[in-house]
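Thanks for coming. I have one structure to go through today, so please look at it on the screen while I talk.

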Amino acid sequence: MPYPLIPAAHLRLYPVSAIRAMEQASDNQQAPVSLMERAAAAAMRLVTTLMPEPGAVLILAGPGDNGGDAALLSAMLASAGYSIDICALLSGALSADSQASWQRCSHSSARRIQAEQLTAVHGYFPYQLIIDGLFGIGLSRPVSGLAADLIRAVNRASELQRIPVIALDIPSGLSADTGAVVGGTQGIAIRASHTLSFLGNKPGLHTADAKDYAGHVIIDFLEASVSADVRETGVLNCANTLPAMPKRAGNSHKGSFGDVLIAGGAAGMSGAVLLAARTALFSGAGRVYAGMLEAIAADYLHPELMCRSLQQHVLQKEIIVAGPGLGQSDSAATELARLIAANHTMVLDADALNLLAQQTPLQSALQQHTAEKILTPHPLEAARLLNWTVAEVQADRIAAASELAHRYQSVIILKGAGSVLCQPRNAQYRINTSGNPALATGGTGDVLAGLCGALLAQGLTAWDAACLACWLHGTAADDLCLNGTGPVGLTASELIPAIRRALNQHIALGQL
């Protein structure tokens, strides 16, 4: 079964600055139907799709144009026979469009209720649907006070009663640029089941906290055209943006598909090497060497792997995957320096990244390394490499990945919910769409590193290998969960054959 494709226009990710430019351009066109009217109509279409029979709807409306969208929607739904309660938190001056929307709302059958009527409720909410129009993409400080209490009450009710929640443009409290809850642990945001994003897709709907807050993302361009000077900064990494695998010739042999050396295996950590090596084997590398720093463990399940002493391995033309279970000893640092100096195409993972963060000589050596390389940090490793805190990395994962790519002149896979991929030569990035919490278990990072190595060995560039590996890794976990293996209890070993299946399906679809 083919993996689902995302419409091309929905792949592009626009920062808030670009969305603002689109809004301004639309206002300048003086269209007969305002942007606010188009946004409310788009929301009306979604509501009637999810809830065809009129019922009880709670609408939250804030002080900006996002609240104006909500006010106009309330009037439209009320006219269509829906029972509407609207809770408004208004302050300051309203735009002309918002004033017109609130006037229409006041002339409708929508009933105004106070926030305190909702925050005082600790039991049943009498609604079949909740619509969030509190705060839009311009939010720059944590939600606090009565608004925070209101969000808390709505989140509690929607979770306990399974009430669907539609967020207009962005879940209130979530950053449209970063996907982090504004204010971090001190902030709060609406947990939406659906987000209706206006004018374009936004990076903050696909990474970091967005995975828990945005729900199903729907894009409506509101009939606005994107001018030539408005550019996306990133795209989604998904089935229809993946590179093709080179076609395998009939007249080929094991040397045709490259060699991979997995370098790691400190005492007690040989399993990390074997996980990465097995993945490289299952992902099509011609020959795989499991180079172990200390205890050399044979893989009796997969005798195809050549297990040996890392120190005694003579480098030839292998793709090097350094770091799984390597440890941080002096001998580990010495071997990593030797591997970097060989100037092979490399993947640096796990303890290779920790050593790199600790030792200036290794950083200098990597600056002299001219072959392609992929770094695969999780947030803590990224924080060490950047000398940031983990909170700073997670507050802006795209900025962190971009800085890592620039500083280390490497392709970056910043792992986590909505893994961010970035390349060193330009500011373009990707956010991966596959994967789920089943991957939050030991060894899955080793599997990803081995997969990157195998794809590099078969001729992909570092960027293409990283993009394909990241997607296959997540897709394998998604496929396993669909079949009942996970999300709880999925193991890294179980990912490996699932990756092979996903890779072969990707190859087959590319040859149709």
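I will take the two sheets in turn, then the aromatic rings, and end with two single residues. Keep in mind that this is a predicted model.

Let me begin with the sheet of 7 strands. The sheet is open, the strand order is 4-3-2-5-6-7-8, and the pairing is parallel. At its edges are strand 4, residues 111-113, and strand 8, residues 216-220, and each of these pairs on one side only. From one strand to the next, the twist averages 20 degrees.

Look at the edge with strand 4. Strand 3, residues 83-88, runs parallel to strand 4, and 3 bridges join the two. Within that pairing, D85 stands opposite R111 in strand 4. Helix 7, residues 145-161, packs on this sheet, where it touches strand 2 (56-61), strand 3, strand 5 (129-133) and strand 6 (165-168). The direction of helix 7 makes about 150 degrees with that of strand 2.

Now the other sheet. What is the order of its 11 strands, and how are they paired? The order is 1-9-18-17-16-15-14-13-10-11-12; the sheet is open and the pairing is mixed. Here the edge strands are strand 1, residues 12-13, and strand 12, residues 306-309, each pairing on one side only. Strand 1 and strand 9 run antiparallel and are joined by 2 bridges. R12 has V235 in strand 9 as its bridge partner.

Two helices go with this sheet. Helix 16 packs on the sheet and touches strand 10, strand 13 (319-322), strand 14 (346-348), strand 15 (373-375) and strand 16 (411-414). Its direction makes about 170 degrees with that of strand 13. Helix 9, residues 270-282, lies across strand 10, strand 11 (287-292) and strand 12, and runs at about 170 degrees to strand 11.

Stay with helix 16 for a moment. How many of its residues are buried? The count is 14 of 14, so the helix is mostly covered, given that buried means under 20% relative accessible area. The length also checks out: at 1.5 Å a residue, the 14 residues from 444 to 457 should span 20 Å, and the end C-alpha atoms are 20 Å apart. Just after the helix, G459 takes a positive phi of about 105 degrees.

Next, the rings. There is 1 aromatic pair in the structure. The pair is F125 and Y127, with ring centres 6.1 Å apart and planes at 80 degrees, so it counts as edge-to-face. Both residues are buried. Two arginines also sit over rings. The charged end of R191 is over the ring of Y213, 4.3 Å from its centre, and the charged end of R248 is over the ring of F257, 3.5 Å from its centre.

Last, the two single residues. C238 is in the loop between strand 9 (234-237) and strand 10 (259-264). Is C238 buried or exposed? It is buried, because its relative accessible area is 2% and the cut-off is under 20%. Leaving out residues up to four places away in sequence, C238 touches I6, L11, T433 and W471. V260 is 22 residues from C238 along the chain, and their C-alpha atoms are separated by 26 Å.

The other residue is E335, in helix 10, residues 330-341. With 7% relative accessibility, E335 counts as buried. With the same sequence neighbours left out, up to four places away, E335 touches L293, L310 and Q311.

Methods
Residues are numbered from 1 along each chain as its sequence is written. This is a predicted model: local features need pLDDT of at least 70, side-chain atom pairs count only at pLDDT 80 or more; totals for chains, interfaces and linings use all residues. Side-chain values use heavy atoms; hydrogens and water are left out. Helices (H or I, at least four residues) and strands (E, at least two) are DSSP runs, numbered from the N terminus. Buried means under 20% relative accessible area, exposed over 50%, partly exposed in between (1.4 Å probe, protein chains only). Contact means heavy atoms within 4.5 Å. Two strands pair if DSSP finds at least two bridges between them. Axes are lines fitted to C-alpha atoms, for helices over the stretch in contact, and angles run from 0 to 180 degrees between N-to-C directions. Rings of Phe, Tyr and Trp (its six-membered ring) pair if their centres lie within 6.5 Å; planes under 30 degrees apart count as stacked, over 60 as edge-to-face and the rest as tilted. A charge sits over a ring if NZ of Lys or CZ of Arg is within 6 Å of the ring centre and within 35 degrees of the ring normal. The expected span of a helix is 1.5 Å times one less than its number of residues.
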